[in-house]
Amino acid sequence: MSWGLYVHVPFCLGKCAYCDFVSYPFVQAEAGRYLWALRREMELCPATGELPLTAPDTVFIGGGTPTIMPGKCLADLIRDLAARFRWPESAEVTIEANPGTIDRLKLAGLRTAGVNRLSIGMQAAYPQTLATLGRRHTYADVIESVQAARDTGFTNLNLDLIFGVPGQTLDEWRATIALACSLEPEHIAAYSLEIPEGTRLFQLVERSELEPCPEETELEMYQLLRQNLARHGYRQYEISNFARPGHKCWHNLRYWHNGNYLGLGPAAHSHFNGHRWSNHSEIERYVTALDAGEFPLAEDEQLDRRTQMAETMFMGLRLKWGVNLLAFRERFGVNASELYSGEIDRLLRLGLIEIADDHLRLTEVGLPVANIVFAEFL
Amino acid sequence: MEHTGALSAREMQEQVLDSMDLERERGITIKLRAVRIIHKAADGQEYQLNLIDTPGHVDFSYEVSRSLAACEGALLVVDASQGIEAQTLANVYLALDHNLEIIPVINKIDLPSANPDEACAELEDVIGLDGSTAIRASAKTGEGIDAILNRIVSDVPAPTGDLEAPLRALIFDSHYDAYRGVIAYIRVMEGSLREGQRIRMMAGSKEFEVAELGIFRPAPTAVQELKAGEVGFVASAIKNVKDCRVGDTITDARRSATTPLPGYRKAKPMVYCGLFPVEPGDFDRLREALDKLSLNDASLIWEPETSVALGFGFRCGFLGLLHMEIVQERLEREYGLELVTTAPSVLYRVTKLDGEIEEIQNPSQMPGAGLIEKMEEPFVKANIMMPKDFVGPVMELCQDRRGNFINMEYISTQRVLITYEMPLSEIIFDFFDRLKSSTRGYASLDYEVVGYRQADLVRLDILVANEAMDALSLIVHKDRAFHRGKAIVERLRGLIPRHMFEIPIQAAIGQRIIARESIKALRKNVLAKCYGGDISRKRKLLEKQKEGKRRMKQVGDVEIPQEAFMSVLSIGDEK
């Protein structure tokens, strides 16, 4: 059974204006406790009874900002993880990084420890937009990070972008795409900005100090993104993900295929065959639980078949080629097209989906309003 | 009750006779309640006192009048801090009509804001009662309670009914119990009633056997016999509420009285609205719930209605807005129904060119303009009491609502009573809320229907995506149609979510469009990144979206939120 390993590092330089995740400023002592607890969790986790005997074939170290940690700490952690889970050399091993937190030395250490994919949080290029987002780096830092990554032998880079930021214009976005492409990453992920409650941006919008981006502009930005990236040789394979041939992110594909993964660290989520669970998101609770020899379980959910099928549908529909209906039948023993015949008919009539080559997928019309389609399957 | 020992201090609680959650939440009485207490009077003798606690709100004055018919006297309770309220007047006149002995009581004298002297003066000036005879009391501290009980003993005439005469008992209320059938609340006027006795309903003419007799103290307590002068309840395994109508007289089946007691005029509903289940499958449950509610509420009437927009539901008639609100809330709470409510309408009277007169309680029934000779709408006489500083804003409001000024008088140096005649339709259109807000809550309102007046009325239709939404139609005065139409389409634009296509919203009179707005098509709706495989969170977001959708009504291709159907009520003032 194929599965992926996710490790969450909850530290950041500071809070971004749009982030509603639990994250902590990096403090040496706190990080020490976290790393200690993470190693405890590595030892404990077979107790979940779900962990397969096989090794993971994708590893993703995400955050937060994992690269805020000292290079040696990180490299040691990755080595310990590798020793524990024994993934093959062919495994995709990604780490998330923010510009300004990586230098050649750190990157070289990561390479040596087995990391072969780097995902850099570029988000935007223009100072005003970076400031609105509360980012703590410049476009120059991005150039430097990419250069350093290339110099240390990384051949699989992703740049994260955000569009639909208050104040961001279509022209600015066009230029941002061009600036990202000029760095020749193998992969680009671009998400439209969400402004969750409890974030600084949310407050500013509430107080009318910021005007949210109009839906029309957001849609134009999205279409522009798709066109311009295609022109630069990036193929869209998911609503927000684009890759040069051979460089799709296998770890993320696992989520969209509703596959199996084990999450370690605070707030990490796991899924094995319809069983979902997550860890405490506050470091303190996470560490305390492990200190007491307990699993840091926050939520634990055994999904019924109906929900598993719904999740498989709405996650799979995020993919450009859609849900593989044959694979669906093999997995659940029923035909999705019969099970959801009413929903599918309605969506076909609205022109939001299409069925071709045994795949059910979003159409060009459905792509920008995918939520409407997703909700039908719940 | 605590004072006379009917309830111990431990059993006593606030609003002890208001057992409905709704009554406690709103601090009002909706349903009358009877209670018997035993009072040891100053003369050392014990007296049995039968009391009925009644609602005060204008919508429920029929409950008051029914209770008054069963009584010999009435306690008129005036709040020492607020003075006489508009509805006090109406209730006093009802009591006087029944020749009842009225004992005025000034309550809440313990409040810092109490002004009992002023309240007494108002009693004299406005009602003509001798203010000096009013008992000053505080239910909270117990002050004056003995005086009230003694006054009841001394002033209210004891019942005079002949114990030996054939039985005559007035049914002044009833409720339905799933196990015991209809429970009739009765006042025995003459003769007596015993367990096992054969009884006959004089109007219904059906016979039953008394299964259970009891009194309220205030908990129902079984007794063997109810004699002339007593108040209590009787259960006779009556399964059909129609066989035991409020206002009917119970008599002995073997030794019948010759004439029934004077009954009640059935209260006529003045306000109508459509109630539709959100889930079409709940239609039967709604019918059953209405059936059960009307067992205890004879003034609620309903009949099936179908709407293009809302499907199958019921057109219901109520005594007023509060009554309507309460029925809706009870249906939703006590029966777990989710309802879509259409805007309330009054009962219009249409005279057609062919001379036929029709009563219209639903705007969609209004005949075409070409068939109408004239239209009339119910007018009310509205009495509004307020501190004198608010006279200006209140008159402005009444004038704005097509009111005709009738009278204004000072009821004290500080307070004024003004009387207007105005259309009932204007009263039910958020008048009370606006009255309260323009007087900082100090005004009180009472009204009674005084008749029908001709008016220049038109039907305003609302079209969504070029389809007329019958449930949104309303009848309005011609002069206000434009503003009202504009306000409604603007409001709907804010309420109906974006769809995959543009949705025009129009207000029309006949074929003429008088206002128009449109809802732009939905352009983008995509969930962002899923952090670290947190798919549950995504699923929950989508479920929430789906739930929101489920709570809407699908009309053609358009999904309309429930509150849209009430939106005509919540639009701002049309100026």
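Which residue follows α4(B), and what is the sign of its phi? The views below take up this point and others in a predicted model.

**View 1. Helix α4 of chain B and the residue after its end.** Helix α4(B) covers residues 116-127. B:G128 comes next, and its phi is positive, near 85°. The helix has twelve residues, and at 1.5 Å a residue these should span 16 Å. The end C-alpha atoms are 16 Å apart, so the expected span and the model agree.

**View 2. The buried residues of α4(B) and their neighbours.** B:E118, B:A119, B:C120, B:E122, B:L123 and B:V126 are the buried residues of this helix. They pack against three elements of chain B: strand β3 (73-79), helix α3 (86-97) and strand β4 (101-107).

**View 3. The largest nonpolar core.** This core holds 145 residues. Those with the most contacts inside it are B:I106, B:I171, B:A184, B:I186, B:I384 and B:V464. Take B:A184 as an example. Leaving aside residues up to four places away in sequence, B:A184 touches B:I171, B:S174, B:F233, B:V234 and B:C244. A second core, separate from this one, has 76 residues, among them A:W3, A:L130, A:V142 and A:L159. In soluble globular proteins, nonpolar side chains tend to be buried together.

**View 4. An open sheet of three strands in chain A.** The strand order is β15-β17-β16, and the pairing is antiparallel. β15 (323-324) and β16 (353-356) are the edge strands, each pairing on one side only. β16(A) is joined to β17(A), residues 359-362, by four bridges. Which residue of β17(A) is the bridge partner of A:I355? That partner is A:L360.

**View 5. The contact between chains A and B.** Chain A gives 34 residues to the contact and chain B gives 22 residues. On the chain A side, the elements that give two or more residues are strands β1 (3-9), β8 (187-192), β11 (260-264) and β12 (269-272), together with helices α8 (215-231), α11 (305-316) and α15 (370-376). The residues on this side divide into 19 nonpolar, eight polar and seven charged.

**View 6. Confidence along chain B.** The average pLDDT of chain B is 86, and 96% of the residues score at least 70. Where in chain B is confidence lowest, and where is it highest? Helix α1 (residues 21-26) is lowest, at a mean of 72. Strand β30 (residues 503-509) is highest, at 95. The model as a whole scores ipTM 0.86 and pTM 0.67.

Conventions:
Residues numbered from 1 in each chain as written. Chains lettered and ligands numbered in written order. Predicted model: local features only at pLDDT ≥ 70, side-chain atom pairs only at ≥ 80, totals over all residues. Pairing = 2+ DSSP bridges. Expected span 1.5 Å × (residues − 1). Buried ≥ 20, exposed ≤ 12 C-beta atoms within 10 Å, placed from the backbone. Contact = placed C-beta atoms within 7 Å. Core = buried A, V, L, I, M, F, W, Y, C linked by C-beta atoms within 7 Å. Nonpolar A, V, L, I, M, F, W, Y, C, P; charged D, E, K, R; others polar. pLDDT = per-residue confidence, 0-100.
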